[in-house]
Amino acid sequence: IGANRWALPVTVSTTGETDVAWEATASEDWISFPEGAEGVGSGTINVTIAANSQLLDREAQVFFGSDDLALDAGTTLVVRQSGRVFGGSVVAADVQA
């Protein structure tokens with residue numbers, strides 16, 4: 001994603017399981033969850049990514065996991081944020097299961 005601040009809704013799907021409890025955790029403190037990082041069943045979580053004031057790109061992971069069997073393996077959202085480059089930005093994000 002670009003160097004500016006971003007607020008992104010991320011949909012968590014527990015596919016067929018309505019009572020699966022899950023939690024999101026971030027590998028870096030520049031990623032936060034303003035409305036909370038936990039849910040039960042499928043839903044949407046808001047992920048906020050702080051502006052990158054540095055020139056270098058940066059990367060972090062958001063891990064979605066559960067003690068319940070349905071999400072036992074977990075899913076990771078990789079966030080790649082470009083550095084500040086004369087107001088320009090590059091968009092890149094991918095999900096790894």
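**Exercise 1. Work out which pattern of elements the protein follows along the sequence.**

Reading along the sequence, you get β-β-β-β-β-β-β-β. Now tally the elements in this predicted model: there are eight strands and zero helices. Next, look at the contacts with a separation of 6 or more: 57% of them involve residues 24 or more positions apart.

**Exercise 2. Find which residues touch the most other members of the largest nonpolar core.**

Start with the core itself, which has 16 residues. The ones touching the most other members are Ile31, Phe33, Ile45, Val62 and Phe64. Then ask where the core gets its residues: strand 1 (6–12), strand 2 (21–26), strand 5 (43–49), strand 6 (58–65) and strand 7 (75–81) each chip in at least two. Now zoom in on Phe33. Leaving out residues up to four places away in sequence, Phe33 touches Ala24, Thr25 and Ala26, then Ile45, Asn46 and Val47, and also Val62.

**Exercise 3. Decide whether Trp22 is buried or exposed, then look at how it sits relative to Gly41.**

First, place Trp22: it belongs to strand 2. Its relative accessibility is 5%, and the cut-off for buried is under 20%, so Trp22 counts as buried. Now for Gly41: it is 19 residues from Trp22 in sequence, with 7.8 Å between the two C-alpha atoms. Finally, check the side chain: a polar atom of Trp22 lies 2.8 Å from the backbone oxygen of Gly41.

**Exercise 4. State how much of the protein is buried and how much area it exposes.**

Of the 97 residues, 35% are buried. The exposed area is about 5900 Å², with carbon and sulfur atoms supplying 53% of it.

Definitions and conventions
Residues numbered from 1 in each chain as written. Predicted model: local features only at pLDDT ≥ 70, side-chain atom pairs only at ≥ 80, totals over all residues. Heavy atoms only, no water. Core = buried A, V, L, I, M, F, W, Y, C linked by side-chain atoms within 4.5 Å. Buried < 20%, exposed > 50% of the residue type's maximum accessible area, 1.4 Å probe, protein only. Helix = DSSP H or I, 4+ residues; strand = E, 2+ residues; numbered from the N terminus. Contact = heavy atoms within 4.5 Å. Areas by Shrake-Rupley, 256 points an atom, 1.4 Å probe, with all protein chains shown as cover. Polar contact = N/O pair within 3.5 Å; in protein donor to acceptor, adjacent residues only side chain to side chain.
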